[in-house]
Amino acid sequence: MQLPSAEIEGYVPFPDDRAESYIEDGYWKEQPFHAVLDERAERHPDRTALVGPDRELSYAELAANSERIAASLQRETSLERLDRVVFQLPNTVEFIEAFFACSRLGVVPVMLLPRHRESEARHVIELTDAKAFFTTGSRYDLGFDFVEFVDDFADEYQDLERLVAVAGAGQQLPEHWTAFDALRSASDPEDLSPVDVNPSDPGVMLLSGGTTGLPKGIPRTHNDYVFQWGQMADAVGVEDDWIGFPSVPIGHNASLCCVVGSAFWAGATVAVEPVLKPDRLMQLIEDVGGTYSLPVPTQLVDILEHPDRESYDLSSLETLISGGQKVPPRVVYELVDEYDIGFCNIFGMAEGPLICTRPDDDVDTQANTVGRPIAPDADEVRIVGTDRQTAVDRGEQGELSVRGPGYFTGYFRTPEENAENFDDDGWFYTEDVLSVDDDGNYRVHGRIKETIIRGGENIYAPDLEDVIIEHEAIENVAVIGMPDERLGERPAAFVELRENADEVTLEDLQSYLSDRGIAVFKRPERLDVVDELPRTEVGKIAKVNLEERITEELKREGKLPDGY
Ligand code: AMP
């Protein structure tokens, strides 16, 4: 039994007694990420593990390639167990090769996303004392020169000793850069001196969603993460002949755990497409026979509304998982009806909580709830009141609090945040408001901070959004609290209209909400119709931008004094 051993300043390990019980109970398999891959490669070496735009790898090839890359890094760099390496890679074969190479060395990849820019990149390099940076050169065209971008500031960081890029054909990288392919070709699998990787130590560092401020580091151990790969594969019913395809960046938990991890766990295939636009994803499904994925709700809406949707053959789809933000119920009904798929409506956090409906639940459950925790026996899940102690009654709303073998144990080097969100017994308080129905299915009502407090009355923005999105002219909506001198906050709605829909005025919206029985104090008091709502790196609506925008507008209109 390998109990946690990592001593990294600012990292909170699992306490020994909990780690011990998770191993004894069989939740933790004591396998680092690459051991999962190696076991599958041993069992069925020739099965396809990865399909990329131009490359395809069997399980045996993927395992060998990751050994080659690890061997080169071992020989050519000072990288050691538990050192951090930043990944800013699109969804490519190279991402996965590098991920397993890091695992073999016990090195921790940090999941910067392709849409992150200088402030996030610098912050993450500094936060983690990163020693290397992996990005893409011109092989994949994402309309942005990542090499130039990183090269501009990398020399300011002494510890950042190695810059690696997936170079395009004939691309000349700056002198001090290493081509990814060269790492792979410079060594043989036998060149790797095995490293004793402790699966109870961190194996990957995810980043918290960027709706507020700079991202926080979320270290996940091999053990707790692999446990969730397995639980997710079971919840979704992934079969070994399935083809999972990430729809959001692989560096996001939604792809890394729920699609890539679950697929490798099940010995299935992962198909990658670097450009995550609806037509490219639909083409990928058609080309490879894609079976399951986790797109965010906006991507589902974009697919449903796509003018050429009918021209793609999406009949291979078995199950769609979606969440990360509220999935509009009508989207679930439409998709299930049209494609005859299972739908896993998921509440997920990079910190660990995964609660989802199962593919064979009835469609009402799939459309209106987020189902049950993925590991009902192992996950300790409570909904508590504002004292964070007392469990609320069934059906009542409260804060989701969790502890268990698949959850993180603390943000990296952020003690204040940990003091605020963990108690002495290791329970993590998510700041998300949920409730549980009598039949055990959970419902999401929004973040505590998304509660608009209007003159002392609480309004949960997502509950209101659920009703507004049902309006026939409205495609997408975000309700936020606009600052108000007298009442503190008042609700305001930003909406995108459906194509060819009639204009909607504030009066229309208010009378629609009145017809739907929504209390007067909850009805938006301002409506902005926009062409497009601002999005985060993974396509969630970035409410913080809207809050800033409206504050500025109110000031300009003289409705808000300075100081806000
Ligand atoms: P991330 O940091 O990107 O993993 O985002 C996690 C957050 O997304 C959660 O804390 C929730 O606030 C939100 N979220 C995730 N799933 C859902 C869902 N199904 N409905 C509403 N909000 C969700």
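The domain bounds used here come from an automatic or database domain assignment. On that basis, the protein is divided into domain 1, residues 32-436, and domain 2, residues 455-556. The model is predicted. It includes a ligand surrounded by 15 residues, and the protein covers 88% of the 500 Å² of accessible area that the ligand has on its own.

**Domains**

- Taken over C-alpha atoms, the centres of domain 1 (32-436) and domain 2 (455-556) are separated by 31 Å.
- The contact between the two domains takes 21 residues from domain 1 and 17 residues from domain 2.

**Record annotation**

- UniProt, in an unreviewed entry, places the feature "domain: AMP-binding enzyme C-terminal" at residues 464-540.
- In the model, the span 464-540 is 19% helix and 31% strand.
- The end C-alpha atoms of residues 464-540 lie 17 Å apart.

**Shell around the ligand**

- The closest of the surrounding residues are His252, Ile346, Asp432, Arg447 and Lys540.
- By residue class, the shell divides into six nonpolar, five polar and four charged residues.
- Strand E14 (342-348) and strand E20 (442-447) each supply at least two residues of the shell.
- E14 provides the largest share of the shell, three residues.

**Polar contacts with the ligand**

- Asp432 places a polar side-chain atom 2.5 Å from an oxygen atom of the ligand.
- His252 also contributes through its side chain, with a polar atom 3.0 Å from an oxygen atom of the ligand.
- Gly324 contributes through its backbone, where an N or O atom lies 3.0 Å from a nitrogen atom of the ligand.
- Of these contact residues, His252 and Asp432 are also listed among the closest to the ligand.

Definitions and conventions. Residues numbered from 1 in each chain as written. Predicted model: local features only at pLDDT ≥ 70, side-chain atom pairs only at ≥ 80, totals over all residues. Heavy atoms only, no water. Near = heavy atom within 4 Å. Polar contact = N/O pair within 3.5 Å; in protein donor to acceptor, adjacent residues only side chain to side chain. Areas by Shrake-Rupley, 256 points an atom, 1.4 Å probe, with all protein chains shown as cover. Helix = DSSP H or I, 4+ residues; strand = E, 2+ residues; numbered from the N terminus. Nonpolar A, V, L, I, M, F, W, Y, C, P; charged D, E, K, R; others polar. UniProt positions renumbered as here; feature names shortened; annotations may be inferred. Contact = heavy atoms within 4.5 Å.
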